[in-house]
Amino acid sequence: MKQTLLNKKNLTWLAIAIVIFVVVQLLIDARIISPYYRVTLFWICIFAILGVSLNIIIGVTGQFSLGHAGFMSIGAYSAAVLLKMMPDYTGLAIGIGVGLVISFVVSFIVAMPTLRLKGDYLAIATLGVGEIIRIIILNMTITNGASGISNIPFLVNWPMMFVFTVLAIALSANFKNSAIGRACISIKEDEIASEAMGINTTKYKVTAFVFGALLASIAGALYATSYYVIKPETFGITNSINILVIVVFGGMGSLTGSVVAAIVLGIINIILQPLAELRMIIYALALIGIMIFRPQGLLGTYEASISSLFDFKSHFKRFTKAGKEKA
Amino acid sequence: MKRILALTATIVLLVSGLTACAATAEEAETIKIGLNVELTGEAAVYGTPEKLAAELAVKEINAAGGVLGKQIELVIYDTKTDTAESTSNATKLMTEDGVVAVIGAAISGTTMAAAPVANQYQVPMITPSGSNALVTNDGSAVYPFVYRACFIDPFQGLVLANFAADNLGKTKAVVLGSSSSDYAKDLAAIFSEQFAVKGGTVVATEYYTDADTDFSAILTKVQAAGEFDVIFVADYAVRAGLIIKQAREAGIVVPFVGPDGFESPDLVELAGGAANLNDVYFSTHFSALSEDQKVQDFIANYTTETGEAPSALSALAYDTVYMLKAAIEAAGEVDPVKVNTALEALKDFPGITGTISFDEWHNPVKSAIVVQLVDGVQAAATVVNP
C-alpha cells in the first residue's frame with residue numbers, strides 16, 4: 001500500500017490533536033483550568049516529552065540510560081542563558097537551537113563509547129555522564145554555579161507547549177515505526193541475533209540515544225521558561241529517576257504509556273498536595289500498588305492506534321492478549 | 001487475590017487523599033496564611049523546624065484571640081525541595097486557596113522559584129531563611145511582594161570581619177572555604193574585603209571541595225605561609241568541625257570564626273570532642289542565651305510543644321508569623337496588597353531574632369549575634385552591628 005502524508009490515519013490523529021487543543025484552550029479561557037492547574041498541565045507536557053524520549057532509548061532500543069536529566073539540563077541552561085540576554089521569543093528559539101546543537105554533540109560523543117556497554121554497566125556509565133554534565137554546569141561562570149539562573153522570563157503558553165508535545169510524540173512514534181525503529185526493537189529483543197542479521201547495532205543504538213537526548217533538550221528549554229529558576233541540582237539523579245519512573249510506570253516500549261503515565265502522575269501529585277509530608281509516602285505506595293497490580297506498566301507494550309480503533313474488536317483482543325502474555 | 005488486594009490498597013490511598021482535600025476547603029471566616037516549605041527532600045531538615053515554629057506561633061495567636069477578631073489558619077504545602085513544585089504550590093496558595101500571605105520557602109532556590117508568582121498575583125511572601133542575595137530582587141530592582149526574615153550571606157562576612165578585628169582584636173587572618181558552594185565563596189570574599197578595611201591582613205586563603213575530609217595538607221601549607229592569629233572558615237559544620245579537629249591536633253591554637261553554618265548538633269562530634277571547641281565563634285540569627293523574656297518564652301513553649309530545642313530557623317519562622325500578624329493588624333483588613341504595603345512600612349518590629357525593619361531591598365535591617373563556644377557549649381552571645 002502506498003503511504004501518503006494525508007491518509008485516513010494521519011488525518012484522524014490531526015483531528016484528535018486539534019480537538020484536545022481547542023477543548024483545553026476553551027477551558028483555560030473559561031478559567032476552569034486555573035493558573036494552578038495550568039502549571040500542572042505544563043509539567044505534564046514537559047514530562048510527557050521526557051518520558052517519550054527516554055522510552056525510545058530504554059523501551060524501544062533496550063539501552064538502560066540514567067543520564068536523561070543531564071541532556072534536559074543542557075537544553076534548560078542554553079535556553080536560560082539566551083533568555084537572560086534576549087528576554088523574548090527570538091531568545092527562546094535561539095536557546096532551543098543552541099541546546100539542540102550542544103546536546104547533539106555531547107550525546108554523540110558520549111554514545112560512541114558507552115553504548116558498547118550493556119545492562120548495569122551502561123546504566124552506571126550514563127549515570128556518570130549525567131553527573132559529569134551537572135558538575136560542569138556547577139563550575140561554569142556563564143551558568144552561575146551552584147546558585148543557578150533565577151528570574152528566567154516566563155514565555156511559554158498552552159499553544160506553544162501543545163505544539164512541542166505533539167511534535168515530540170509524533171516524531172517519536174514515527175521513529176519507532178520506521179526502519180530505524182524496527183532495527184532498534186530487534187536490538188532490544190536480541191542484540192546478537194540482530195547483529196547476525198546484518199544490523200549495525202552500534203549505529204542504531206547511537207541514533208536512538210541522540211534522538212532521545214535532542215528531545216530531552218527541548219523539554220529542558222520548556223522547563224526553564226516555565227519555572228523561573230534552574231539550578232544544577234534540579235537536574236541530578238533524582239530527576240533522571242523521575243523520568244525513568246514515568247517510562248516504567250507507563251510501560252516500557254509504549255509511547256502511549258509514557259504520555260498516560262505523565263498525566264496520571266501529574267494528577268496524583270495534585271490530589272495528594274494537601275497532605276504535605278505524607279504525600280511522598282502515599283505516592284510511593286501508589287507506585288508500588290500499581291507495579292504489583294500491573295508489573296508490565298500501565299499499558300504494557302500497547303500503543304494507541306487509529307487503525308485498531310476503527311476495528312474495536314481486534315483492538316480489544318490485542319489488548320487482552322498482550323496483558324495475558326506479560327502477566 | 002494479590003491483585004485485588006493491591007488494587008484496593010491503591011484506591012483506598014487515593015480516596016483518603018481526596019477526602020483530606022475536601023476537608024480543608026470547607027472552613028471559612030478564618031485568615032489563611034500559606035506555608036510553602038521543604039518537608040521532604042534534601043532541605044527537609046530546614047523546612048521542618050520552620051513548620052513547627054509557624055504552627056506554634058499560629059496556635060499562640062489564635063489562643064490570644066486571633067488577628068482582627070479572626071482565627072489564623074495555616075495552609076501547609078511541601079515543596080519536596082523541588083523548584084517546580086515550589087512554583088506550583090505558590091500558584092495554588094495564591095490563586096486557589098486565597099491566602100493573604102505566604103511564608104516560604106526555607107532555602108533560596110525554591111524561594112526564587114516562587115518569587116515571580118508572588119509578584120504576578122500580588123500576594124506578599126516572606127522567606128524565613130532564604131539567604132541568597134537575589135531572593136528579594138533581580139539585581140537591579142526589588143521584587144515588590146517578596147521579603148525575608150534572615151540576614152543575607154554577605155552581611156555575615158561583614159559582621160564577622162568586624163568582630164574579629166574589633167572584638168577579638170586580631171590583625172592576621174587565614175581564610176579557608178569550600179570552592180563547591182557559593183555560600184562559602186561569597187562569605188570568604190566579603191570577609192577578606194572587610195578585614196582589610198579594618199586594617200587587618202589576610203595571610204593566606206585556601207579552598208578545598210565539598211568532598212574533602214582530610215585538611216592536613218592545607219593546614220600545613222597555611223602554617224608555612226607565616227604567622228596568623230585567627231582562622232575564618234567559610235563553611236558548614238560538616239567540614240568546619242573536621243578542620244577544627246585537625247587544626248587543634250596539629251597544634252594550631254588560634255581562634256576560629258565562622259558563619260551560621262557552624263551551628264549544628266553534630267559540631268562537637270565532628271570536632272573530635274568538646275575540648276577542641278574553645279575559642280570558636282560563629283554568627284547566628286538567634287541565641288538561647290538572650291535574656292529577653294520573649295526569647296525565653298519561645299524556647300520554653302517550643303520545647304514543650306515539639307520536644308526539641310529551637311534552632312535559628314525555627315526562631316526565624318516564628319518571627320515571620322508575628323511580622324505578618326503585625327502587618328495584617330496595621331493594614332486593618334485581610335487584603336494581600338494592603339498587607340504588603342503595611343509590611344513594607346514595618347518599622348522596628350520587636351522579634352526574637354532582633355529588632356527588624358526592612359530596607360529598600362526588602363532585607364531585614366537587624367544586628368547579628370556572635371556566639372562564643374566554651375567546651376562545645378554556647379557560653380556567651382555578643383550583638384554585633386554591621
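Two residues are in contact if their C-beta atoms, placed from the backbone, lie within 7 Å. With that in hand, let us look at where the two chains of this predicted model meet.

**The interface**

The contact draws 34 residues from chain A and 36 residues from chain B. On the chain A side, the elements that give two or more residues are helix H2 (35-60), helix H11 (255-272) and helix H12 (278-293) of chain A. Of these, H12(A) gives the most to the side that touches chain B, with nine residues. The make-up of that side of chain A by class is set out here:

| Class, side of chain A that touches chain B | Residues |
|---|---|
| Nonpolar | 21 residues |
| Polar | ten residues |
| Charged | three residues |

**The sheet of chain B**

Now for the sheet in chain B. Five strands form an open sheet there, in the order S2-S1-S3-S4-S5, and the pairing is parallel. Why is one side of S2 (71-78) and of S5 (146-148) of chain B left without a neighbour in the sheet? Both strands stand at the edges, each with a single partner strand, so one side of each has no neighbour in the sheet. From one strand to the next, the twist averages 25°.

Take a look at the pair S1 and S2 of chain B: strand S1 (residues 30-37) joins S2(B) in the parallel sense over eight bridges. Within this pair, B:Ile33 stands opposite B:Leu74 in S2(B).

Helix H4 (residues 108-121) of chain B packs on the sheet, where H4 touches S1, strand S3 (101-104), strand S4 (125-127) and S5 of chain B. The direction of H4(B) makes about 165° with that of S4(B).

Terms used
Residues numbered from 1 in each chain as written. Chains lettered and ligands numbered in written order. Predicted model: local features only at pLDDT ≥ 70, side-chain atom pairs only at ≥ 80, totals over all residues. Pairing = 2+ DSSP bridges. Helix = DSSP H or I, 4+ residues; strand = E, 2+ residues; numbered from the N terminus. Axes fitted to C-alpha atoms, helices over the stretch in contact; angles between N-to-C directions. Nonpolar A, V, L, I, M, F, W, Y, C, P; charged D, E, K, R; others polar.
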